[in-house]
Amino acid sequence: MALINENFLKLKAGYLFPEIARRVKAFTEAHPDQANRVIRCGIGDVTEPLPESCRKAMHEAIDELGTREHFRGYGPEQGYDFLRNAIAKRQFQDRGIEVSADEIFISDGSKCDTGNILDIFGNQNRIAITDPVYPVYVDTNVMAGNTGEADANGAFAGLLYLPCTPENGFVPAIPKEKVDLVYLCYPNNPTGATATKAQLQEWVDYALANDTTLLYDAAYEAYIQDPELPRSIFEIPGARRCAIEFRSFSKIAGFTGVRCAYIIIPKELEGRTTGGTRQLVHPLWSRRHSTKFNGASYPVQRGAAAIFTPQGEAEVTELIRHYMGNAALLRAACADVGLAVYGGENAPYVWVACPAGTDSWGMFDRMLTEANVVITPGSGFGAAGEGYFRISAFNSRANVEEVCRRIRQLLG
Ligand code: MLT
């Protein structure tokens, strides 16, 4: 009988979003009369149709594959040049940010990338994560054996938790101790907070002084409205020597089901061996990617590249405008009923303090059973998320208006 990876047994509950889906299913089965009334603002899954430019590019790519002349089999594992070049130019170089096409690795999702990145790091690293946090960072470290057991609050031994609270604007204080890896995500999931250039500069300075690698998740960068806020860690001087950035097409262009994302690993970024030898990280990821991945599909990469055409850019702008309009409505509804509201101004998530006396799962239950609205309990993102809930702005305008009406009715 094969030995199992016992680290999985440390994971107490199911992954957050399937757990929410399970509870919603149980509720709708028990109350079939309310099933059609349920509005889902839990998982941050996009609702608006794929941009026409992407669909057209994917149709054409499929048709190409149907001809002997243009058929393609395996593509380059790191991604096709047409997409890597378009990303490098439009997302970075045109904005004065130094990133070259061969530092970009195309994948089928940021969730996978943020988990898989641990393959190229050793298992004796001191790892810091923000709290609350996107659960993937924690769970994948547990699976990899980088933690001990969880305590009663769900905090895993061995991880350094960096509390993110209204007092620090949900941007954690720089640790007093030295850590090897730090996960940062801005605009933040789940709090919707953003970090300024000065705040990120402090992190970069800390990382350079301590040989720390920053794992910077910028999946929501397109939602930044304030031109002063950084969209990439690589806008910060020195970041090329200490950071990896994760980006995704999921939330920009409705690709949650289509699947396409990318990582940027600068060629000068170094790690070290246990013996103390410095080692470039880029070739390690390249080796990992080409061994374990055969590339995102050709039609999907064509669809993603279409986002960088003038039509695609206009369509993306419209999608972002739509979701940010939803976020503004949700913010206003929660504020109107007297709740403290955060985020939602440069991010598609609104982070709300629960009414006094109600905890996160209590609020989840109340919203589901009394308003038929699915939210995400803040405690599902970590101990510091207790007492909060997250509302996703990814929805149709009609649904968001109805959610606002029900919030006012329930809590007003
Ligand atoms: C979320 O709701 O936090 C996101 O949808 C999760 C994800 O992007 O994987």
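An oxygen atom of the ligand sits 2.6 Å from a polar backbone atom of Gly44, and that is a handy place to start looking around this predicted model. Two side chains also reach toward ligand oxygens. Asn189 puts a polar side-chain atom 2.8 Å from an oxygen atom of the ligand, and Lys251 likewise has a polar side-chain atom 2.8 Å from a ligand oxygen. How much of the ligand does the protein cover? On its own the ligand has 270 Å² of accessible area, and the protein covers 86% of that.

Now look at who stands around the ligand. Along with Gly44, Asn189 and Lys251, the shell holds Phe17, Ile43, Tyr134, Tyr220, Tyr349 and Arg390. Sorted by character, these shell residues come out as 5 nonpolar, 2 polar and 2 charged. Where does the ligand lie relative to the domains? Domain 1 (13-49 + 311-411) and domain 2 (55-310) each supply residues to the shell, so the ligand lies between them.

Turn next to the nonpolar interior. The largest nonpolar core counts 101 residues. If you want a few landmarks to click on, the residues with the most contacts inside this core are Leu83, Ile87, Leu214, Ile233, Phe249, Phe255 and Ile391. Helix α10 (residues 310-336) gives the largest share of the core, 8 residues. As with the ligand shell, both domain 1 (13-49 + 311-411) and domain 2 (55-310) contribute residues here, so this core lies between them. As background, nonpolar side chains in soluble globular proteins tend to be buried together.

A charged residue worth a look is Arg288, in helix α8 (residues 282-292). Is Arg288 buried or exposed? Its relative accessible area is 12%, and the cut-off for buried is under 20%, so Arg288 counts as buried. Arg288 and Ile120 are 168 residues apart along the chain, yet their C-alpha atoms are separated by 7.5 Å.

The backbone has a few quirks to check as well. Which peptide bonds are cis? One runs from Asp131 to Pro132, with omega near 5°, and Pro132 lies in the loop between β3 (127-131) and α5 (135-143). Another runs from Tyr186 to Pro187, with omega near -10°; Pro187 belongs to the loop between β5 (181-185) and α6 (197-210).

Then there are positive phi angles in residues that aren't glycine. Arg259 has a phi of about 75° and sits in the loop between α7 (250-253) and β8 (261-264). With a relative accessibility of 29%, Arg259 is partly exposed. Asn372 also has a positive phi, near 55°, and is found in the loop between α11 (360-371) and β13 (373-374). Asn372 is buried, at 2% relative accessibility.

Finally, head for the start of the chain. Leu3 is in the segment before α1 (16-30). Is Leu3 buried or exposed? At 82% relative accessibility, with exposed meaning over 50%, Leu3 counts as exposed. Leu3 and Val400 are 397 residues apart along the chain, and 48 Å separates their C-alpha atoms.

Terms used: Residues numbered from 1 in each chain as written. Predicted model: local features only at pLDDT ≥ 70, side-chain atom pairs only at ≥ 80, totals over all residues. Heavy atoms only, no water. Near = heavy atom within 4 Å. Polar contact = N/O pair within 3.5 Å; in protein donor to acceptor, adjacent residues only side chain to side chain. Areas by Shrake-Rupley, 256 points an atom, 1.4 Å probe, with all protein chains shown as cover. Nonpolar A, V, L, I, M, F, W, Y, C, P; charged D, E, K, R; others polar. Domains from an automatic or database assignment. Core = buried A, V, L, I, M, F, W, Y, C linked by side-chain atoms within 4.5 Å. Buried < 20%, exposed > 50% of the residue type's maximum accessible area, 1.4 Å probe, protein only. Helix = DSSP H or I, 4+ residues; strand = E, 2+ residues; numbered from the N terminus.
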